[in-house]
Amino acid sequence: QEDAASAGPGESIANPRPSSKTQATVNLEEGRDLSDVEIAGRAPAKYTESTNEPKTEATVNLEEGDVCDDVEAGGREHDFTTDMRYSNTNTSNIARAGPAAYECKDFVALVQQGELPPSAVEGLAMCMFVIIGCGAACAHGAADPASRLVVAFAFGVGILVLSYACARRSGAQINCAVTCALVYVGALPLKQGLLNVTFQLLGSVLGAMVLSIVFPCDVDMTRSLGTNVIDESYSIASAFLGEFIGTFLLSYTVFETAVNPRSNAGTNSSVAIGVSVFLAHLMLLPIDGCSINPTRSFGPAIVGAMRNCDGGPGFQGVKDLWLMFIAPLLGSVMAASVHSRMHPSKQGTSKDETE
């Protein structure tokens with residue numbers, strides 16, 4: 001109890017003495033969003049659910065590898081995993097969950113407990129995203145404005161639905177460009193970022209393999225499983241700039257609505273993110289099929305090239321993969337940099353401040 005610290009809205013809690021356990025005490029008022037409470041000078045602990053009591057106090061004991069499940073406040077059980085999560089060996093580091101959510105337990109430990117690790121959730125989400133978005137392209141094509149509208153809608157709503165479904169488990173990055181941007185600004189540990197990207201790539205390949213069964217060559221309207229290929233009418237520079245801008249739009253939306261602790265979007269950040277994907281596809285579908293997501297492009301390009309349908313692009317999708325990776329990655333990192341410059345006070349504290 002000696003290490004416990006208490007604060008109200010907008011107040012900082014002093015760092016606890018180094019130990020294997022730290023205690024965070026948060027005063028909860030009915031309907032009050034304590035988004036400005038800072039624990040150990042790091043990311044805010046957010047509690048938005050109102051209680052039957054006019055005021056109650058929830059005490060959360062955090063140990064290494066713990067997730068704050070089933071915390072009782074005011075006689076009711078609340079799941080804190082959406083709001084507050086133990087994130088590192090440094091007990092003073094509590095991170096706000098969301099797209100930048102940390103994995104509290106290692107991969108093997110979660111599998112042994114029968115849980116699906118966040119990185120595996122990312123792989124599953126990417127698999128479903130490829131099936132939904134690229135599947136719409138295979139079914140309807142993308143050669144005219146009407147079909148492009150259908151495909152853009154499928155990609156946008158697909159990411160919206162999957163973001164809602166997976167955000168609590170993995171942060172729902174579903175895009176290695178977003179993952180890399182989070183690592184770049186220090187919002188996601190490098191090890192977790194590498195795990196997420198690995199499973200995203202595997203999920204993309206698996207999704208493309210499923211599509212190759214659902215849509216054989218003779219019924220695949222794209223003849224390529226929706227592979228991203230630069231149209232001959234456009235230059236490489238045009239495609240590169242378009243992908244950069246489209247990914248910047250997506251990533252900036254992610255940072256401002258889902259990562260920014262002052263955002264009032266809450267779980268509805270998924271709507272803004274889905275709409276940004278929809279808008280990018282409206283612009284980029286005629287140019288290169290719209291990637292803005294290197295992992296989405298990877299699976300269809302590899303499996304599509306191996307299948308090599310008559311009348312398809314053959315290995316051109318694989319040749320164009322460099323652009324589908326570099327331009328989105330640069331656009332996402334640029335968005336992260338702009339966000340960091342606009343919100344400098346939201347960056348993590350230095351080592352000296354946390355010790």
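This is a short walk through the structure above, from the whole chain down to single residues.

Let's start with the overall picture, keeping in mind that the model is predicted. The chain has 355 residues, and 50% of them count as buried. Along the chain you will find 11 helices and 9 strands. How does the chain fold back on itself? If you take contacts between residues at least 6 apart in sequence, 69% of them join residues at least 24 apart. The accessible surface of the chain amounts to about 15900 Å², and carbon and sulfur atoms account for 57% of that area.

Now pick out helix α5, which runs over residues 190-214. Helix α5 has 25 residues, and from its first C-alpha to its last it reaches 36 Å, close to the 36 Å expected at 1.5 Å a residue. Which residues of α5 are buried? They are Q192, G193, N196, V197, Q200, G203, S204, G207, A208 and L211. As you read along that list, it helps to remember a general point: an α-helix has 3.6 residues a turn, so residues three or four places apart point the same way. The cover over the buried residues of α5 includes α2 (118-140), α4 (176-184) and α8.

Follow the chain onward and you come to the loop between α5 and α6, where S224 is found. Is S224 buried or exposed? With a relative accessibility of 6%, S224 counts as buried, because buried means under 20%. Leaving aside residues up to four places away in sequence, S224 touches P300, G304 and P313.

The next stop is the cysteines. A disulfide is a covalent bond between the sulfur atoms of two cysteines. How many disulfides does the structure hold? There is 1, and this disulfide joins C217 to C309, with an S to S distance of 1.8 Å. The pair links distant parts of the chain, 92 residues apart: C217 lies in the loop between α5 and α6 (236-259), while C309 lies in the loop between α8 (294-307) and α9 (316-319). The torsion about the S-S bond of C217 and C309 is about -70 degrees, so this disulfide is left-handed. As for exposure, C217 is partly exposed, with a relative accessible area of 25%, whereas C309 is buried at 4% relative accessibility.

Other cysteines tell another story. C134 is in no disulfide, and the nearest cysteine sulfur, that of C138, is 6.7 Å away. C134 is buried, with a relative accessibility of 0%. Why is the sulfur of C180 not bonded to the one in C176? The sulfur of C180 is 5.3 Å from that of C176, its closest cysteine sulfur, and this is too far for a bond, because a disulfide needs the two sulfur atoms within 2.5 Å. C180 itself is partly exposed, at 32% relative accessibility.

Finally, turn to the outside of the model. L149, Y164, L249, V271, V275, L279 and L282 make a nonpolar surface patch of about 560 Å². The elements that give two or more residues to this patch are α3 (145-170) and α7 (269-288). Which of the elements gives the largest share? That is α7, with 4 residues. One residue to look for here is L282, which sits in helix α7. L282 has a relative accessibility of 41%, so it counts as partly exposed.

Technical notes:
Residues numbered from 1 in each chain as written. Predicted model: local features only at pLDDT ≥ 70, side-chain atom pairs only at ≥ 80, totals over all residues. Heavy atoms only, no water. Buried < 20%, exposed > 50% of the residue type's maximum accessible area, 1.4 Å probe, protein only. Expected span 1.5 Å × (residues − 1). Contact = heavy atoms within 4.5 Å. Patch = residues over 30% accessible without salt bridge, like charges linked within 9 Å, V, L, I, M, F, W, Y side chains within 5 Å. Areas by Shrake-Rupley, 256 points an atom, 1.4 Å probe, with all protein chains shown as cover. Salt bridge = Lys/Arg side-chain N within 4 Å of Asp/Glu carboxyl O.
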